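Here's a set of short exercises to work through with the viewer open. Try each one yourself before you read the solution.

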2 protein chains.
Amino acid sequence: MIEHRLDRMAAAGVWDGFPQQMGPLNAVTDVDGVSVGQWSRRDAGYLTGATVICFDPAAVVGVDVRGGGSGTRETDALRPGNLVERVDALVLTGGSAYGLDVAGGVMRFLEEQGKGFQVGPGPRDVVPIVPAAVLYDLSRGGGFSARPDASAGYAAARDAGVGPVREGNEGAGTGATSGPVKGGVGTASVMVGEDANVVVAAVVAVNSGGSPFDPMTGRLYGEDALYPGEWPQLGAPSGDDLARWQLSGMEEEPARPLRNTTIGMVVTNVKLDLAQTTRMASIAQDGLARAIRPVHTLFDGDTIFGASLGDAQLPTVGTVSSIGAASAGAAGLSFLYELGARTISRAVARAVLAAESTHGICSYRDLFPSACVADGSPRSGGGRGV
Amino acid sequence: MIEHRLDRMAAAGVWDGFPQQMGPLNAVTDVDGVSVGQWSRRDAGYLTGATVICFDPAAVVGVDVRGGGSGTRETDALRPGNLVERVDALVLTGGSAYGLDVAGGVMRFLEEQGKGFQVGPGPRDVVPIVPAAVLYDLSRGGGFSARPDASAGYAAARDAGVGPVREGNEGAGTGATSGPVKGGVGTASVMVGEDANVVVAAVVAVNSGGSPFDPMTGRLYGEDALYPGEWPQLGAPSGDDLARWQLSGMEEEPARPLRNTTIGMVVTNVKLDLAQTTRMASIAQDGLARAIRPVHTLFDGDTIFGASLGDAQLPTVGTVSSIGAASAGAAGLSFLYELGARTISRAVARAVLAAESTHGICSYRDLFPSACVADGSPRSGGGRGV
């Protein structure tokens, strides 16, 4: 009976009834082999940082660049048919194109560990493959040249851990903004199936030109994607909060630079090939589209990586007898990809909910205090991933 | 003051306050030079059709193919850098890949009219450029071989008119389904600016594997994109309707083939180049993402064309003095693209709202009669565009 119901849901495209639950950390570190390190700096003109995701073993990684103003490194190497088949780490960082140097620091750390693409007989004859994507946060802390550099990447990779991942004003989200409010880093995970053996997780640094909330109601666009109880007491803003927000639109204030970008990654323990991780990244962009409006603009470099490590099998969706083996396999993949999109939407909402006001940039929580409690979620766990 | 507010909205990515209103026909035919003809057949094993969009003068057309199972014709010719720079007509059609023959009939009609890419001195020395995208509706009327062919394309092109465009079970939407309900054709338009001189419009044939409504609440995902009063009395389904729908999920019913695809076009009278129409098509896919879940699956060939004809100038967004001329231009483009995405979302919602139950496929209106009135909108105008 349950199987038949799933079959029908697959046919109808209604996946939500499939058994799914948040992972224990509700973070990308719920995928075995994924560790995260974050470097953040908030003094001396800095308001920026970097988030480094390390894979052990190395992961199959695809990428989808949708925005009109991206800044990336090593993404050409991720195209199907190229030499490199595994990625050792990913960098999400502030600092605009200057921030691409962060990847060099991560490479240095990995080289010391002997991790990377083997190019010779020696244990250190390696070239670590470290793609990177940047967001624009120059001058948000006051200093135009206060940016993450190679030493920031080295530190983040060295400190990477498998514990909780701090959200909000951390790492690449330290200086991020999202439309009219503070942006940040967000992460989420989901475990799928009767035995919860399939994990899909995402991390994003939300620095969007578009707004994460409906300007008419104040509600987060990504709120519907959250699981029940994921962010307790989240609700609609009060009329007073809404009126104050709408009035604020008429005040004089300087125009902010139209330079943005949301960057992130969706990762799974399902064994996927490069074409599949690329497709997963592409469909994950739909998660941005649902959580941010407008999105993928010429001012955004919106870039999503898709990563696979582990050897879990695809969830079974539909009965093979009724739709054929090939379709059943593709149905499982489509389900997985859609979960990725939803997890991205959740991570965006969580990033904005976790962000805190700083440097004159108001947070969503401070803009609409009636909509959410201050610490509604176990978002900072004090794990090694600082 | 108003200009400053717009500037702030541009910076915040909050465009909705920009003056905008529905076009007089609320259809793609609100763009001067666009005509539409639809061929539909519902007897003798047929439940399929074709929608042909003609451009006079020929249009600059880009395309974005996002689904995993597309069926297209002449889309390679639309890549920037190629010989062809103008498109004479577009075909959206049922019949899966067989339906690509429809374009041949459109070409024959245009050749007779002497319209096309000029290849010689004679008035009929032309090759009409007619890209096409198909959706999967084979056997929905009972006959596997009952498909639109070249004669259908000829008839639709011959009958094309500049009046209202029928929505629902018409043209390429005749046999379409959308998740668990009947799909169809939808169209919408918006006029922008103080003098409403910029027009953005869309037409879609919704045949999605994903659902157009939230299975938990019954509300259309695309409902929020509609303008106030666009579909009168549209609201939340009653508890009774919802309970009946949720119960129906447990009934035995045969699995439907997992073959789908939503196809459409966004068109504007703003003068755009090929790279810009391609970008407009790409961002329009976000409109599908917001109105359908899941979307862009391996079973969908989701394809959107972006077309420009006319010489309207970009809307002015932001003050040049505060963000620079280049940024002001890109802000206008981004605004235009986002309007395209919203217009696609509206067209999807309208397609599903206009569709009628047939051949055992329940319409949204019949599934949730409490959510909408039977003829809430002037969706069939009896114009020449049958």
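**Exercise 1. A salt bridge in chain A**

Which side chain meets that of Arg290(A) in a salt bridge? Work out where the two partners sit, too.

*Solution.* Keep in mind that this is a predicted model.
- Step 1: the partner is Glu338(A), with an N to O distance of 3.1 Å.
- Step 2: place the two ends. Arg290(A) is in helix α5 (residues 274-291) and Glu338(A) in helix α7 (residues 325-354), so the pair links distant parts of the chain, 48 residues apart.
- Step 3: check the cover. Arg290(A) is buried, and Glu338(A) is buried as well.

**Exercise 2. Over to chain B**

Find the salt bridge of Arg290(B), then take a look at Asp76(B).

*Solution.*
- Step 1: Arg290(B) meets Glu338(B) through their side chains, at 3.1 Å from N to O.
- Step 2: because Arg290(B) lies in helix α5 (residues 274-291) of chain B and Glu338(B) in helix α7 (residues 325-354), this salt bridge ties together parts 48 residues apart in sequence.
- Step 3: both of these residues, Arg290(B) and Glu338(B), are buried.
- Step 4: now for Asp76(B). Its side chain forms a salt bridge with Arg79(B), at 2.7 Å from N to O.
- Step 5: Asp76(B) has a relative accessible area of 47%, which makes it partly exposed, since that class runs between 20% and 50%.

**Exercise 3. Counting and networking**

How many salt bridges are there over all chains? And which residues are linked with Glu167(A) in a network?

*Solution.*
- Step 1: the count over all chains comes to 26 salt bridges.
- Step 2: the network links Glu167(A) with Glu230(A), Arg346(A) and Arg350(A).

**Exercise 4. A strand and its partners**

Is strand β11 of chain A largely enclosed or open? Trace the strands that pair with it.

*Solution.*
- Step 1: β11(A) covers residues 184-192, and nine of its nine residues are buried, so the strand is largely enclosed by the rest of the structure.
- Step 2: strand β1 (residues 20-21) of chain A pairs with β11(A) in the antiparallel sense, over two bridges. In that pairing, Gln21(A) has Met191(A) as its bridge partner.
- Step 3: strand β12 (residues 198-206) of chain A also runs antiparallel to β11(A), joined by nine bridges. Here Val206(A) stands opposite Gly184(A).
- Step 4: β11(A) and β12(A) make a hairpin with five residues between the strands, and Gly193(A) in this hairpin takes a positive phi near 100 degrees.

**Exercise 5. What surrounds Thr29(A)?**

Is Thr29(A) buried or exposed? List what it touches.

*Solution.*
- Step 1: Thr29(A) is in the loop between β1 and β2 (34-41) of chain A.
- Step 2: Thr29(A) counts as buried because its relative accessibility is 7%, and the cut-off is under 20%.
- Step 3: leaving out residues up to four places away in sequence, Thr29(A) touches Val34(A), Ser35(A), Val36(A), Gly161(A), Val162(A), Gly163(A) and Val165(A).
- Step 4: a polar atom of the Thr29(A) side chain lies 2.8 Å from the backbone oxygen of Gly163(A).
- Step 5: the C-alpha atom of Thr29(A) is 9.3 Å from that of Ala188(A), although the two residues are 159 apart along the chain.

**Exercise 6. Backbone oddities**

Where is the peptide bond from Asp56(A) to Pro57(A) in its omega, and what about the phi of Thr261(A) and Ala44(B)?

*Solution.*
- Step 1: the bond from Asp56(A) to Pro57(A) is cis, with omega near 10 degrees; Pro57(A) belongs to strand β3 (residues 48-65) of chain A.
- Step 2: in chain B, the bond from Asp56(B) to Pro57(B) is cis, again with omega near 10 degrees.
- Step 3: Thr261(A) isn't a glycine, yet its phi is positive, about 130 degrees. You'll find Thr261(A) in the loop between α4 (239-248) and β13 (263-270) of chain A, and at 2% relative accessibility it counts as buried.
- Step 4: Ala44(B) isn't a glycine either, and has a positive phi of about 55 degrees. Ala44(B) lies in the loop between β2 (34-41) and β3 of chain B, and it counts as exposed, at 62% relative accessibility.

Methods
Residues numbered from 1 in each chain as written. Chains lettered and ligands numbered in written order. Predicted model: local features only at pLDDT ≥ 70, side-chain atom pairs only at ≥ 80, totals over all residues. Heavy atoms only, no water. Buried < 20%, exposed > 50% of the residue type's maximum accessible area, 1.4 Å probe, protein only. Helix = DSSP H or I, 4+ residues; strand = E, 2+ residues; numbered from the N terminus. Pairing = 2+ DSSP bridges. Salt bridge = Lys/Arg side-chain N within 4 Å of Asp/Glu carboxyl O. Contact = heavy atoms within 4.5 Å. Polar contact = N/O pair within 3.5 Å; in protein donor to acceptor, adjacent residues only side chain to side chain.
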